[in-house]
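Subject: Handing over the structure

Hello,

Here is the structure I promised to pass on. Please open it first, then read my notes below.

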Amino acid sequence: MTGIGTIINTASIVAGGLIGHFTGKLFKPEQQESLNRACGVSILFIAIAGAMEGMLEINGSEITSGKSMLVVLCLAAGTAAGELIGIERGFERFGEWLKAKTGSSGDAGFVNAFVTASLTVSIGAMAIVGAIQDGLLHDYSTLAIKSVLDFIIITVMTSSMGRGCMFSAIPVFIFEGCITLLAQLVAPVMTTEAIAYLSLVGSVLIFSVGVNLVWGKKLNVANMLPAVLLAILAAYLP
């Protein structure tokens with residue numbers, strides 16, 4: 001069945017959000033804050049591992065680094081485009097709409113939780129590659145693995161940030177579902193090099209999400225999302 005991977009991933013986020021919502025009530029505010037920072041540190045190290053995998057190479061007994069200009073140019077140009085478009089504001093408006101429709105008007109952190117969680121579970125190569133595999137081969141194994149990771153992440157984030165995290169299931173469902181349906185068109189574009197570049201720049205964006213969790217919101221990560229598209233395009237440059 002085409003799309004079962006997206007359904008599993010969406011369900012895992014909702015399940016993690018529900019568990020996190022009820023377990024979060026067991027923690028005091030200062031404990032929730034500590035849990036939030038711990039989640040941020042975890043995301044930082046996951047992102048660093050992904051970025052280093054893309055930038056470091058082992059040549060004999062030496063370790064060399066590369067693709068620095070790729071990261072700089074994609075982030076700079078992508079952020080400029082995102083700021084002009086106002087992607088972050090679009091996320092926030094949708095979050096505000098969800099906040100009103102779900103009766104969460106009293107939850108001051110709802111929108112921030114929704115945006116942060118959405119970016120955490122949507123950015124990355126696993127979502128795109130897994131959705132393409134699901135659409136072309138009916139193989140949902142990659143999205144199933146992602147579902148386990150997302151379940152754990154959203155459970156912890158909801159416990160510390162609130163139930164806004166649970167609604168990150170909506171952008172994940174739309175994003176992965178669209179790629180699955182359009183897999184025939186997307187697959188030829190996603191070469192091995194394009195996936196590698198996507199993973200590298202995506203890891204840097206996930207690192208930025210971790211920075212916001214640990215030190216408070218410092219970066220408009222949603223406005224940096226065009227950098228991922230530029231990373232894919234960069235794979236086709238001479």
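A definition comes first: helices here are DSSP runs of H or I with at least four residues, numbered from the N terminus. Please also keep in mind that this is a predicted model.

**Salt bridges**

The count comes to 7 salt bridges. Side chains of opposite charge can pair when their charged atoms come close. Three of the pairs are worth a visit.

Start with E33 and R37. Their side chains meet in a salt bridge, at 3.3 Å from N to O. Both belong to helix α2, and because they are 4 residues apart there, about one helical turn separates them. An α-helix has 3.6 residues a turn, so residues three or four places apart point the same way. E33 is partly exposed, at 35% relative accessible area. R37 is partly exposed too, at 39%.

Next, go to helix α4, which covers residues 87-101. There R89 and E92 form a salt bridge, with 3.1 Å between N and O. The two are 3 residues apart, so about one helical turn lies between them. R89 has a relative accessible area of 42% and is partly exposed. E92 also counts as partly exposed, at 21%. The cut-off matters for E92: buried means under 20%.

The third pair is K146 and E176. Their side chains meet at 3.2 Å, N to O. K146 sits in helix α7 and E176 in helix α8, so this salt bridge ties together parts that are 30 residues apart in sequence. Are these two residues buried or exposed? Both K146 and E176 are buried. There is a network as well: salt bridges with shared partners join E88, R89, E92 and K217.

**Helix α7**

Now look at the helix that holds K146. Helix α7 runs over residues 141-161, which makes 21 residues. From its first C-alpha to its last it reaches 29 Å. That is close to the 30 Å expected at 1.5 Å a residue.

Many of its residues are buried, among them T142, L143, K146, S147, D150 and I154. Towards its end, T155, M157, T158, S159, S160 and M161 are buried as well. What covers them? The cover for the buried residues of α7 includes α1 (4-24), α2 (29-55) and α5 (110-122). It also includes α6 (125-137), α8 (169-181) and α10 (192-215).

G162 follows α7, and its phi is positive, near 115 degrees.

**Positive phi outside glycine**

Two other residues have a positive phi, and neither is a glycine. K67 has a phi near 65 degrees. You will find K67 in the loop between β2 (62-65) and α3 (68-85). K67 counts as partly exposed, at 31% relative accessibility.

H138 has a phi of about 60 degrees. H138 is placed in the loop between α6 and α7. With a relative accessible area of 44%, H138 is partly exposed.

**The cavity**

How many cavities of 30 Å³ or more does a search of the whole structure find? The search finds 1. About 70 Å³ of space lies in the largest cavity.

Its lining is made up of E88, N112, V115, T116, L119, V209, N212, K217, L219, N220 and V221. The elements that give two or more residues to this lining are α5 and α10. The largest share comes from α5, with 4 residues. By class, the lining has 5 nonpolar, 4 polar and 2 charged residues. Two names here may look familiar: E88 and K217 line the cavity, and E88 and K217 also belong to the salt-bridge network.

**One last stop**

A196 is found in helix α10. A196 is partly exposed, with a relative accessible area of 40%. Where does the chain bring A196 and A51? Along the chain they are 145 residues apart, and their C-alpha atoms are separated by 10.0 Å.

That is the tour.

Best wishes

Key:
Residues numbered from 1 in each chain as written. Predicted model: local features only at pLDDT ≥ 70, side-chain atom pairs only at ≥ 80, totals over all residues. Heavy atoms only, no water. Expected span 1.5 Å × (residues − 1). Buried < 20%, exposed > 50% of the residue type's maximum accessible area, 1.4 Å probe, protein only. Contact = heavy atoms within 4.5 Å. 1 Å grid on protein atoms, 1.4 Å probe; cavity = no way out; pocket = protein on both sides within 12 Å on 5 of 7 lines; lining within 4 Å. Points joined across faces, edges and corners; volume = space filled by probe spheres on them. Nonpolar A, V, L, I, M, F, W, Y, C, P; charged D, E, K, R; others polar. Salt bridge = Lys/Arg side-chain N within 4 Å of Asp/Glu carboxyl O.
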